[in-house]
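Trainee: Please take one part of this model and go through its surroundings closely. I would like the packing partners and the terms spelled out.

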Amino acid sequence: MVCLGFFFFLFFPFFLWLGFVCSFGFLCFLFVLLLLAWYFCGGFFVCMCVCVWFGLGFFVSLLFFVVVFSLSKLQLKTGDLDPRLFSRLRHLQKLDLSDNLLDKFPNSLTLPDLRVLNCNNNKLEDVTALKQFPLLEELTYENNALTLNDDYKVMFLLQNLRLLNGKDITKLANHVRRVNSRKLTSKVTAHWEKFFRDQLPEKHTAEQVKSIKEKFLKSVQTNVVYGPSSLSEFTRWRVKMIAEEFLACSLGQELNSDTEPEEKTDENEEESTESPREAAEDTAQVTVTPSKRKRNHSKSSPGNKRSKTQANTKEETEVNPRKSSHVEDDPAPDKPRTSNQPVKEATPEQEAEGTQKNGEQFPKGKNNRRSSQMTGEQKSQEEDNGVVTLTPVKNSKRKEDVSAEPLHFLQCHSKGNSREDFKTQLWSCVFEPVLDSGARKDPIVNSSRTVATCGGESVCLIDCETGTVLKKYKVATEEFFSVAWTTLTMVISDSRKKAHNILAAAGRRGIVKLIHVAADFCYGEIKAHKKPIATVCFSPTQKTHLFTASYDKRIALWDIGIPDCDYNFKASQLLVLETASIPLRIALVPTCPEQYLLAGCEDGCFAWNIKLDKGQKSRPFEAIFQFPDEESMTTSHRVDGLAFLNDDVIVSKSSKPGCIYLWSWSRSFDAKGKGCQQTMSAVILAELEWSTTDMSYLTLSTCPAREYVFCGDEKGSVWMYNLSNYTTAWGSAKGKRSEQQRISPTQILKWPELRVNGEQPSEILVNNVVADPAFTYLVVLTSVNITAIWKKS
């Protein structure tokens, strides 16, 4: 025993060093323990104590010196990454977090020596938290909700990064960190010198500095542009960062170094709801009264050739509803149809109170509407200043009567608020329901003059009578394809219940945005699909039930829930309908909206049983409908227009050019064989004469209360069909196959000859046209970023 005690005493300095390395706390504890043991028990007990201490110290030492750590395939969420545990891994160099459920990184993992990080197959949506790993050299994060913009953010934040997703990015990263930053810094500085320096008085107050700073940050992110449009989100992010550094230097202000508030501010600016005044300043508008035209009952001239701009291109990276029908699994977009107008860099907003972009002074609270009644001198002055004006070409030869006249032409969806944007395509518009008429039977009393429109990066709410843009909601990285309204009874702060209109908007990112319009607030989002959403619609009976039709060949039914007073809500998926091709338009059957849904798809027209009492969550279609082709009946054709004229009559296009079909739901659908897939022949009631163009995605709409059908064409015209004289006969012939009729349009509204900076826009396609339930207003959405509003005389 004495020998053993002498042995450990001899090597005590070694154990002392090891204990110090392992843990200073263990060292102190052991030192006291050794003294007591040596004094009371002799060398044997000293041996036992040293062994126990050595084992514990060795374990802590392993934890301290670990350099490779794998946490792959453990279903880990963000909350499972405990900073207290990771703070002990001071020498960790390689970390594998692949195949988990992480949606972000905690900001305090404290891994100062991390060199390699694998985050493949997670749910990451943001990369800014990675800046806490300054020595990171290799990073992989494939199969996450990240974009090219995130790649550029990572290159800038991580100065030592060499490999990103297995590719050497050294040269590109150096360009991002040096050349890109230098160019943007120069542009930001020039923007301040040109537009904002003189607005700050020599003796300024803190309140004035704060006001100028807010205006400058907003303006500089809107107007400073560099690089391709696909990197616009990264550019805005860097411009904001550079602008804040510039202000801190020039105004002597300290920047807030807290990461979270900065990210929150950036998100609010990316997804923002503008006030009526701000929206009005972003809107180029003119009220016109063009020459009246004769009623035209004949078809327009044939136009079978597609525009060159509709061809698929490899350079285009965005999904667009107007695309080739041959590509379904991974739909390649077409180039958007545009006019030949040159695109100039957007001029910044004049930030002085009451000053518009063209330098004209307007009273507070009024928008920059330009009436066609202005003098010729005023018009020429605006053209000289480069202001976008839409001026009708007068034709004094004809003074014929028309049933509708144009009120306003708006350009409120421009990208970056540029007045020279004639490329953004507008896709969907829906009139807002009136809140106090929900219980009434008459659909006309549900009519309002407020319409929601979408296209490009924005959703707008427009007053059709005045042409005022009431609200504008923007998401810089989105392209909106569809909007829909519902009314929810919500509990407000004092426990009272109140009905509010909620707007759902969706598009290229596969995300549904939920907007509380009265509160000017986007309170939530639903990540509905991994591919773009073509269209959305709410159930007329279940106000929280939302259908989303996506390019992933699925139609999903969601319960969006009802938000509480703090806007907390819970959304859940109730049903998935499998489609054979991409669904383009969906419609619930009016007589049984909780049981059957109809969808027009790229390769046919299908019907599903959507009743929720069935246990099957994922369902195939129950019926596919046949339509007449040139020689026979066929099921294979694109249906890019679909709507109900009344409870039974369906309007659809286009199985062949120049024709819109009216057919009967009750006589076409056989419910006896439900549960198995059937091919059914559509019972055609009539054909509507329409343009002979083969252009796709010029959709149609109906006004059931007035029994009207509307459809735009490739020349900017609106074809109107009054079918009130036919519906009675179709209803009385129930059970019989009626004699097929060919019906000419009641009227064709021609597009006014507008002048844009002295030139006429070309290739004006009417993507959508919608009337309010009372048919007072007609809203026309075009492919050249112009919203036209007509009013019935």
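Mentor: The cover over the buried residues of helix 6 includes strand 4 (138–140), strand 5 (163–164), helix 7 and helix 9. Helices (H or I, at least four residues) and strands (E, at least two) are DSSP runs numbered from the N terminus. Cover is judged by contact, meaning heavy atoms within 4.5 Å. Buried means under 20% relative accessible area, exposed over 50%, and partly exposed in between (1.4 Å probe, protein chains only).

The model is predicted: local features need pLDDT of at least 70, side-chain atom pairs count only at pLDDT 80 or more, and totals for chains, interfaces and linings use all residues. Residues are numbered from 1 along each chain as its sequence is written, and side-chain values use heavy atoms, with hydrogens and water left out.

In helix 6, 9 of the 10 residues are buried, so this helix is largely enclosed by the rest of the structure. Among the buried ones are Asp 150, Asp 151, Val 154 and Met 155.

Helix 6 (residues 148–157) packs against helix 9 (residues 232–251) at about 35°, the axes being 8 Å apart. Axes are lines fitted to C-alpha atoms, for helices over the stretch in contact, and angles run from 0 to 180 degrees between N-to-C directions. The crossing is right-handed, that is, the near helix is turned clockwise from the far one by less than a right angle (anticlockwise would be left-handed). Helix 6 contributes Asn 149, Tyr 152, Lys 153, Phe 156 and Leu 157 to the contact, and helix 9 contributes Ser 232, Glu 233, Phe 234, Trp 237, Arg 238 and Met 241. These divide into 6 nonpolar, 2 polar and 3 charged residues, where Ala, Val, Leu, Ile, Met, Phe, Trp, Tyr, Cys and Pro count as nonpolar, Asp, Glu, Lys and Arg as charged, and the others, Gly among them, as polar.

Helix 7, part of that cover, also meets helix 8. The axes of helix 7 (residues 170–195) and helix 8 (residues 206–223) come within 11 Å and cross at roughly 125°. The two are therefore oblique to each other; under 35 degrees is roughly parallel, over 145 roughly antiparallel, 65 to 115 roughly perpendicular, and the rest oblique. This crossing is right-handed. Val 188, His 191 and Trp 192 of helix 7 touch Ile 212, Phe 216, Ser 219, Val 220 and Asn 223 of helix 8 as the contact set. By class, that contact has 5 nonpolar, 3 polar and no charged residues.
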